[in-house]
Amino acid sequence: MKILVFAVNEKDLPEAVGAASTLGGEVYVAGSGIPGNIMSEIAKGAKKAFIIKADTPEQIAQGLGKVYDSVNPDLTITVTAKNVRDAVSRLAAKKNVPFAVDALSFTVEDSKLTIERGILSGRAVAKISLPLPGIISLPPRKFKPATIGDQAVEVEEITVDGESSVKVVERKPKEKGGVNLEEAEIIVSVGRGFKSKEDLKLAFELAELLGAQIGCSRPIAADLQWLSEEHWVGLSGKKVAPKVYLAIGISGAPQHLAGIIDAKIVVAVNKDKSAPIFKNADYGVVADLYKFVPVLMEKIKVKKNA
Ligand SMILES: Cc1cc2nc3c(=O)[nH]c(=O)nc-3n(C[C@H](O)[C@H](O)[C@H](O)COP(=O)(O)OP(=O)(O)OC[C@H]3O[C@@H](n4cnc5c(N)ncnc54)[C@H](O)[C@@H]3O)c2cc1C
């Protein structure tokens, strides 16, 4: 079996290679936006590696199309990320092959691919069978990074000459101090239990004490716009996996819970003892956040100074 692995950043690519390594067969590795020396490391032991020189999803799809034609893979494995769904959907449509997203697990037997994926905001798992050749994308940070072997790999650069309807006019690095919720070990997350934007300083103070980042429910970012969208956790926001997720004044709607499935410990603070968040929390505090959070901060300060 020929497997083509593709990703658009150096963090995701080793995970996709790791997933491919569990199947055996010939593995080809393709990446966009990945420097040559890093590609040589990640793709060790693969049959061949390709670096696609492209900016937009449209161009990435063109470059990936070239790689696809030269490899002719049975299975293509990628990791869901910005630009990937767009580029890979274009490829799937062009090649007329099925594309299943966010596979939590996958198996290949008798030319049939079976995947499991979360549905209903992660509350159920659906099993889906697809014919090969096919394409799957994996959620980030679900599969263990690995290489195929130790042998050096030939790396070919793929340039794209086709027109793109999107032009990149400028690139700006993310502003310093930007939020990186996906990497956070502790998250203090705020919801509509906070009565005003000014009151969020309570959460910011607590976060500073704990060395935590600030997350929020959708209304805080989308409706009230008290925080930027980078803080938004949930189905349509960030999926997070901290060691501790502190949900303060958040009711626990399924769409919010969908973003914290991978949190190790969930602590909920809510004044309503029947709030759904308590059913999904490891520790629950039924209290008014305006009374509880200052007391918690005092206790933490005492502990830190002891
Ligand atoms: C398609 C779709 C996608 C969505 N995606 C997301 C998503 O990605 N993320 C997301 O978060 N939501 C999402 N939502 C919205 C979601 O359904 C909820 O409306 C939202 O999560 C509720 O936010 P909340 O918990 O902050 O507010 P509320 O549901 O209003 O809850 C506020 C909570 O604060 C408690 N509270 C009030 N005062 C205090 C106090 N003084 N002390 C302690 N507790 C207090 C209340 O008891 C209540 O439980 C989505 C909805 C749809 C339809």
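**Exercises on cores, helix α3, domains and backbone**

**Exercise 1.** Identify the residues that Val 5 touches, leaving out residues up to four places away in sequence, and place Val 5 within the nonpolar packing of the protein.

*Solution.* Step 1: Val 5 touches Ala 16, Val 17, Ala 20, Val 27, Tyr 28, Val 29, Ala 30 and Ile 77, with residues up to four places away in sequence not counted. The model is a predicted one.
Step 2: Val 5 belongs to the largest nonpolar core, which has 48 residues. Val 5, Ala 16, Val 29, Ala 30, Leu 64 and Ile 77 are the members of this core that touch the most other members.
Step 3: Another core of 38 residues lies apart from it, and Val 179, Leu 206, Leu 246 and Ala 268 are among its residues. In soluble globular proteins, nonpolar side chains tend to be buried together.

**Exercise 2.** Test whether the span of helix α3 agrees with its number of residues, then describe how the helix is packed and what follows it.

*Solution.* Step 1: Helix α3 covers residues 57–71, which is 15 residues. The expected span is 1.5 Å times one less than the number of residues, so 21 Å should result for α3.
Step 2: The end C-alpha atoms of α3 are 20 Å apart, which agrees with the expectation.
Step 3: The buried residues of α3 are Pro 57, Gln 59, Ile 60, Ala 61, Gln 62, Gly 63, Leu 64, Val 67 and Tyr 68. These buried residues pack against β1 (2–7), β2 (26–32), β3 (48–53), α4 (84–95) and β10 (155–159).
Step 4: Asn 72 follows α3 and has a positive phi, near 55°.

**Exercise 3.** Find the loops that hold Asn 72 and Ser 111, classify both residues as buried or exposed, and locate the cis peptide bond that ends at Pro 133.

*Solution.* Step 1: Most residues other than glycine have a negative phi, and most peptide bonds are trans.
Step 2: Asn 72 sits in the loop between α3 and β4 (75–79). Because 11 C-beta neighbours lie inside 10 Å, Asn 72 counts as exposed; the cut-off for exposed is 12 or fewer.
Step 3: Ser 111 has a positive phi near 60° and occupies the loop between β6 (105–109) and β7 (112–119). Ser 111 also has 11 C-beta neighbours inside 10 Å and therefore counts as exposed.
Step 4: The peptide bond from Leu 132 to Pro 133 is cis, its omega being near 0°. Pro 133 lies in the loop between β8 (124–131) and β9 (134–138).

**Exercise 4.** Describe the division of the protein into domains and the contact between them.

*Solution.* Step 1: Domain 1 runs over 2–159 and domain 2 over 181–305.
Step 2: Their C-alpha centres are 34 Å apart. Four residues from domain 1 and seven residues from domain 2 take part in the contact.
Step 3: On the domain 1 side that touches domain 2, there are two polar and two charged residues and no nonpolar ones.

**Exercise 5.** State which residues of the shell are closest to the ligand and which helices and strand each supply at least two of its residues.

*Solution.* Step 1: The ligand is surrounded by 26 residues, of which Gly 191, Gly 193, Ser 217, Gly 234 and Ser 251 are the closest.
Step 2: At least two shell residues each come from α6 (218–223), α7 (254–257), β14 (265–270) and α8 (289–305).
Step 3: By class, the shell holds nine nonpolar, 12 polar and five charged residues.

Notes: Residues are numbered from 1 along each chain as its sequence is written. This is a predicted model: local features need pLDDT of at least 70, side-chain atom pairs count only at pLDDT 80 or more; totals for chains, interfaces and linings use all residues. A residue is near a molecule or strand if its C-beta atom, placed from the backbone, lies within 6 Å of it. Helices (H or I, at least four residues) and strands (E, at least two) are DSSP runs, numbered from the N terminus. Ala, Val, Leu, Ile, Met, Phe, Trp, Tyr, Cys and Pro count as nonpolar, Asp, Glu, Lys and Arg as charged, and the others, Gly among them, as polar. A nonpolar core is a set of buried Ala, Val, Leu, Ile, Met, Phe, Trp, Tyr and Cys residues joined through C-beta atoms within 7 Å. A residue is buried if 20 or more other C-beta atoms lie within 10 Å of its own, exposed if 12 or fewer, and partly exposed in between; C-beta atoms are placed from the backbone. Two residues are in contact if their C-beta atoms, placed from the backbone, lie within 7 Å. Domain bounds come from an automatic or database domain assignment.
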